[in-house]
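Thanks for coming, everyone. I would like to take a few minutes to go through one structure, so please have a look at it before I start.

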Amino acid sequence: MPKVENKELRPVFWGKNTGTLRVLGSEENPGKGLLSIGNYMALDHSRGAAVYLDALKPHAILICGKRGYGKSYTMGCLLEELAFLEPAIKKRLASVVIDTMGIFWTMKYPNAFEARKLKNWELTPAGLDIEIFVPVGKVEAYRKRNINVKPFSIPISKLSGSQWCRIFSIEEVSPPGILLVRAIESLREKGEAYSFEEILSEIARDPRSDETSKGAAENYFRAVNSWGLFSKEGTKLSDLVSGGRTTILDVSTLENENVCAAAVSIIAGRLYEARLEARRAYEKKLMGEKTDEEEFPMVWLFIDEAHIFIPAKTEGLASKVLINRCLRQGRQPGLSLVLATQRPASLHPDVVSQSDLLICHRLTASDDILALETSRPLYMQENIQAYIKKMGSERGAALIVDDHSESVHLVRIRPRISWHGGGEPSAFEPHTKEKSNKNDVQLQK
């Protein structure tokens with residue numbers, strides 16, 4: 001296979017025959033659309049052959065591991081690889097990150113901190129061309145910190161009365177809940193977009209509710225209006241997502257988990273619907289029908305701290321969309337879902353069973369290991385705990401279970417090219433002259 005050097009970034013392997021290269025996630029990859037994720041890790045922990053992940057087909061990927069062992073770091077590696085794909089393939093893909101921790105904005109900058117480690121891997125630090133979106137009401141706060149961001153908002157009409165009750169943590173059968181549901185559903189029946197002012201007007205003229213309930217419902221909506229996340233029309237999906245683009249949706253400023261989950265539910269649902277329509281158009285094109293419409297790209301949706309949105313024991317606001325649409329059905333229309341969590345035991349069990357690729361970093365909690373063990377495929381010769389023991393305590397080491405080839409691999413994830421914002425803080429200043437070689441290994445989340 002020819003080796004084509006990208007002078008500024010990293011070696012890229014192109015060709016029609018993958019030869020001895022291991023491509024996870026596909027047994028039919030022609031040697032294109034390869035994501036370089038690391039190298040095999042031998043039992044003596046020496047570096048083996050390169051390992052690649054297929055990006056031509058959609059995937060459902062679960063990344064897990066305890067804090068500090070590479071979970072978010074690995075997500076960043078996948079994002080980098082998607083950003084550095086061959087132009088012909090890259091333009092048909094789009095990456096979208098739901099950033100709950102506010103750590104992915106740093107990918108705009110090169111990873112100078114690990115320059116020495118990158119050199120050992122024949123890699124060069126480089127920043128990514130990313131676009132960062134934050135809720136409309138939070139834009140100025142970011143710009144004051146010299147972080148260049150764009151505003152985004154979600155259409156108010158996308159939320160049902162029942163969903164608003166869950167956001168406000170009120171019972172649907174309580175007087176304010178009954179009023180709220182009645183007002184929202186009345187507006188939604190008209191089939192048009194509406195504003196918070198129109199919701200307040202609908203509440204005020206409700207003839208069947210008392211003034212106390214009206215006052216409570218109005219206060220709820222005045223509070224949510226101040227969050228700066230919802231608006232009448234909302235941001236167009238085409239403004240957020242396009243081929244060859246990496247989009248970071250930073251929702252870390254939303255302190256209410258129900259609000260965050262509602263945002264994820266709506267965004268994921270819109271992406272799924274857009275891909276369904278694109279898939280239909282693609283099938284018509286194959287049948288010979290001519291169209292001038294620009295195809296909506298295949299999407300890779302990344303969600304960190306996934307247990308917040310798809311909890312194990314309850315149904316969150318985003319559970320139905322993420323499980324029923326994105327996870328179970330998303331691959332058919334071309335939607336990849338990458339979920340990361342440090343607590344597999346707190347994650348809905350369907351995530352483990354429905355994922356075609358599992359990337360597991362170090363775990364020590366017995367309930368987390370058991371959660372993975374429960375869905376362990378029959379082709380695994382040993383249990384999950386045995387593989388984790390083989391990995392040891394090395395940061396960046398990972399067990400990868402590939403359901404496509406029904407195989408298991410121990411891999412060392414490659415170092416990040418862009419700056420990793422998820423490392424744990426240290427009282428030691430890394431830029432001093434006393435910096436030792438050990439400090440070249442950035443703490444990974």
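**Where two domains meet**

Let me begin with the contact itself: domain 2 and domain 3 bury about 1100 Å² between them, and 66% of that area is on carbon and sulfur atoms. Please keep in mind throughout that this is a predicted model. On the side of domain 2, the residues V259, I266 and L317 supply 40% of the area buried against domain 3, which is more than any other three residues give.

For orientation, the domain assignment of the protein gives domain 1 as 20-57, domain 2 as 58-150 + 236-384, and domain 3 as 155-231. The contact between domain 2 and domain 3 takes 16 residues from domain 2 and 11 residues from domain 3, while the C-alpha centres of these two domains lie 31 Å apart.

What about polar interactions? Between domain 2 and domain 3 the count of salt bridges is 0, whereas 4 residue pairs are in polar contact, both residues being at pLDDT 80 or more. Helix α10, residues 257-286, contributes 7 residues, the largest share of the side of domain 2 that touches domain 3. That side divides into 8 nonpolar, 5 polar and 3 charged residues.

Finally, a word on aromatic rings, since the structure holds 10 aromatic pairs. One of them is formed by W164 and F221, edge-to-face, at 5.2 Å centre to centre and with 70 degrees between the planes. W164 lies in helix α5 (residues 161-168) and F221 in helix α8 (residues 211-225), so this pair ties together parts that are 57 residues apart in sequence.

Definitions and conventions: Residues are numbered from 1 along each chain as its sequence is written. This is a predicted model: local features need pLDDT of at least 70, side-chain atom pairs count only at pLDDT 80 or more; totals for chains, interfaces and linings use all residues. Side-chain values use heavy atoms; hydrogens and water are left out. Domain bounds come from an automatic or database domain assignment. Contact means heavy atoms within 4.5 Å. Buried area is the accessible area (1.4 Å probe) that two parts lose on being put together, summed over both. A salt bridge is a side-chain nitrogen of Lys or Arg within 4 Å of a carboxyl oxygen of Asp or Glu. A polar contact is a pair of N or O atoms within 3.5 Å; within protein, one must be able to donate a hydrogen and the other to accept it, and residues adjacent in sequence count only if both atoms are side-chain atoms. Helices (H or I, at least four residues) and strands (E, at least two) are DSSP runs, numbered from the N terminus. Ala, Val, Leu, Ile, Met, Phe, Trp, Tyr, Cys and Pro count as nonpolar, Asp, Glu, Lys and Arg as charged, and the others, Gly among them, as polar. Rings of Phe, Tyr and Trp (its six-membered ring) pair if their centres lie within 6.5 Å; planes under 30 degrees apart count as stacked, over 60 as edge-to-face and the rest as tilted.
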